Amino acid sequence: MTVHIAGHDPALPPVYCRRWNFRRHEPVDPLSADEAQARDSAGEPYAVIPAAPTDGVPDVVIEIAWDNGHAGVWFFDAYGRQCLHYSFRRSGDLLFLGGMTQWDYPDADAATLSGATCVTWFEFREDGSARRVISDDTAQQRTVEDRVGVDVSTQWEPVPGFGEWGSLARWSRS
């Protein structure tokens, strides 16, 4: 499956690396696809940018660490800032979306996560309980909301095969 992401050239191959430098928007210790696949098979951590960015700032970075049972997906806004993160836990051949964090920035000048004025964090549990925390610096307010009986059936998805990044690279999860 080819991932088509706005602002990216789908003809270019994915970018693989040991990790992504979020401040510089560049790979740290680039890997070939074969090296990344070997790390995937061994459970060792690596990162993938499914569609190579044409301007240096990707729309999405996926971090894989199967030994830790984890896949993390970072999305970026029009200013190249991290604005959304999904945290998946692996359970056998399935992934469970257990966490989601969204950062809202006051203007184009806020350059890093610490510049966000509102952070919304969701935690979902397999038993149907959930927590939402909103930290709004502008309103100087922190709201915590716990729920039970939440339908978490849509939080599950199959573990993707190596190179099949489309399911993880989805912004919309409804």
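**Exercises on the core and overall form of a predicted model**

**Exercise 1.** Which residues have the most contacts inside the largest nonpolar core, and which strands supply the core?

Solution. The model is predicted. Its largest nonpolar core has 35 residues. Those with the most contacts inside this core are Val-61, Ile-62, Ile-64, Val-73, Tyr-86, Phe-88 and Leu-168. Next, assign the core to elements: β1 (15-21), β3 (46-49), β4 (60-65), β5 (70-76), β6 (82-91) and β7 (94-104) each supply at least two of its residues. The largest share, five residues, comes from β5. As background, nonpolar side chains in soluble globular proteins tend to be buried together.

**Exercise 2.** List the contacts of Val-73, leaving aside neighbours within four places in sequence.

Solution. Take heavy atoms within 4.5 Å as the cut-off. Val-73 then touches Val-60, Val-61 and Ile-62. Further partners of Val-73 are Leu-84, His-85, Tyr-86 and Phe-88, together with Leu-168.

**Exercise 3.** What is the order of helix and strands from the N terminus on?

Solution. Count the elements: the protein chain has one helix and 11 strands. Then read them in order, which gives β-β-α-β-β-β-β-β-β-β-β-β.

**Exercise 4.** Does the radius of gyration of the protein chain agree or disagree with that of a compact globule?

Solution. For 174 residues, a compact globule would have a radius of gyration near 16 Å. The protein chain has 17 Å, so the two agree. Along the principal axes, its C-alpha trace spans about 45 × 40 × 25 Å. Buried residues make up 42% of the 174.

**Exercise 5.** How many positive and negative side chains does the protein chain have?

Solution. There are 15 positive and 26 negative side chains. The centres of these two sets lie 5 Å apart.

Conventions: Residues are numbered from 1 along each chain as its sequence is written. This is a predicted model: local features need pLDDT of at least 70, side-chain atom pairs count only at pLDDT 80 or more; totals for chains, interfaces and linings use all residues. Side-chain values use heavy atoms; hydrogens and water are left out. A nonpolar core is a set of buried Ala, Val, Leu, Ile, Met, Phe, Trp, Tyr and Cys residues joined through side-chain atoms within 4.5 Å. Buried means under 20% relative accessible area, exposed over 50%, partly exposed in between (1.4 Å probe, protein chains only). Helices (H or I, at least four residues) and strands (E, at least two) are DSSP runs, numbered from the N terminus. The radius of gyration is taken over C-alpha atoms; the globule rule is 2.2 Å times the number of residues to the power 0.38. Lys and Arg count as positive and Asp and Glu as negative; His and the chain ends are not counted. The place of a charge is taken as NZ of Lys, CZ of Arg, CG of Asp or CD of Glu.
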